[in-house]
Amino acid sequence: MTKQPVKISPSVLTADFWNLGRSIAQLEEAGADLLHLDVMDGLFVPNISFGLPVIAALKKHTAIPFDVHLMIEKPHRYLERFRDAGADLLGFHLEAGSPVEETLRSIRALGMKSCLTIKPATPAQGVFPYLPFCDMVLVMSVEPGFGGQSFLPGSLSKIKAIREEANRQNLPLDIEVDGGINLETAPLAVQAGANVLVTGNVLFSAPDMKARLKELREITAR
Ligand code: DX5
Ligand code: ZN
């Protein structure tokens with residue numbers, strides 16, 4: 001298994017949006033590696049979160065790279081707009097109705113890192129043909145749509161299968177896991193081969209986000 005330091009990508013979905021700027025400043029001070037931004041259109045998932053203007057507004061005030069997770073139908077229509085808003089890494093779902101290889105290539109051509117995402121019911125093998133065009137694969141460990149859900153243990157074998165295939169293809173792939181990551185599930189995901197952890201509720205429910213982030217780093221150090 002490739003040894004890579006674990007990166008933490010806090011999701012602000014369960015933040016208090018009145019204090020969004022303040023929360024992001026705290027996450028930056030705590031040393032978050034990425035900022036995970038969940039964009040939902042009410043069609044691909046049964047929820048609506050935030051979109052382009054919010055991302056563009058945040059971009060002006062933080063240096064943390066933006067890890068944008070699109071949960072929208074036909075995401076290929078919006079790649080350039082998300083790049084212009086500030087996405088550094090742009091992820092979309094295999095199941096979202098866009099031409100997969102072409103969309104991954106376009107994301108890279110626009111100067112962003114590309115990420116292909118799969119829902120819990122989609123087998124790991126679904127991403128295998130596209131790995132050469134991915135900087136990252138995101139394995140959803142809850143049904144997309146809401147923060148604060150419980151980790152689905154079936155995601156672990158999917159992470160392992162994708163890591164093995166990436167190693168077989170000799171690709172330095174990032175594997176991100178998203179949903180229900182906490183102090184118990186984080187080490188399991190890392191053991192399975194994930195090296196990027198999305199952390200929503202585990203940080204926003206903590207009395208001290210900075211201390212919690214440090215704790216997550218310590219228990220996942222390899
Ligand atoms: C769910 C989102 C997740 C979510 C993670 O659709 O993609 O990023 O906010 O939140 P927690 O860590 O609370 O499960
Ligand atoms: Zn997400």
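These are my notebook entries on the surroundings of ligand 1 and on one aromatic pair.

**Entry 1, the model.** I noted at the outset that I was reading a predicted model.

**Entry 2, the neighbours of ligand 1.** I looked up the residues around ligand 1 and found 20 of them, of which Asp 38, Gly 145, Gly 148, Asp 178 and Gly 180 come nearest. Sorting this shell by class, I recorded eleven polar, seven nonpolar and two charged residues.

**Entry 3, contacts through oxygen.** I then checked the oxygen atoms of ligand 1, and I found one 2.7 Å from an N or O atom in the side chain of Asp 178. For Gly 148 the partner is a polar backbone atom, 2.8 Å from an oxygen atom of the ligand, and for Asn 201 I again noted a polar backbone atom, here 2.9 Å from an oxygen atom of ligand 1. I also looked up the accessible area: ligand 1 taken alone exposes 380 Å², and the protein buries 99% of that.

**Entry 4, the site.** I saw that ligand 1 sits in the largest pocket. Two or more residues of the shell around the ligand come from each of β2 (35–40), β3 (66–71) and β8 (196–199), and I noted that β2 gives the most, with three residues.

**Entry 5, aromatic rings.** My search for aromatic pairs returned a count of one. It is formed by Phe 17 and Phe 50, which meet edge-to-face, with 5.9 Å from centre to centre and 65° between the planes. I placed Phe 17 in the loop between β1 (7–10) and α1 (20–29) and Phe 50 in the loop between β2 and α2 (52–59), so the pair ties together parts that are 33 residues apart in sequence.

Terms used:
Residues are numbered from 1 along each chain as its sequence is written. Chains are lettered from A and ligands numbered from 1 in the order in which they are written. This is a predicted model: local features need pLDDT of at least 70, side-chain atom pairs count only at pLDDT 80 or more; totals for chains, interfaces and linings use all residues. Side-chain values use heavy atoms; hydrogens and water are left out. A residue is near a molecule or strand if one of its heavy atoms lies within 4 Å of it. A polar contact is a pair of N or O atoms within 3.5 Å; within protein, one must be able to donate a hydrogen and the other to accept it, and residues adjacent in sequence count only if both atoms are side-chain atoms. Accessible areas come from the Shrake-Rupley method with a 1.4 Å probe; for residues, only the protein chains shown count as cover. On a 1 Å grid over the protein atoms alone, a cavity is a set of points where a 1.4 Å probe fits but cannot get out, and a pocket is an open set with protein on both sides within 12 Å along at least five of seven lines; lining residues have an atom within 4 Å of a point. A molecule sits in a cavity or pocket if more than half of its atoms lie within 2 Å of its grid points. Helices (H or I, at least four residues) and strands (E, at least two) are DSSP runs, numbered from the N terminus. Ala, Val, Leu, Ile, Met, Phe, Trp, Tyr, Cys and Pro count as nonpolar, Asp, Glu, Lys and Arg as charged, and the others, Gly among them, as polar. Rings of Phe, Tyr and Trp (its six-membered ring) pair if their centres lie within 6.5 Å; planes under 30 degrees apart count as stacked, over 60 as edge-to-face and the rest as tilted.
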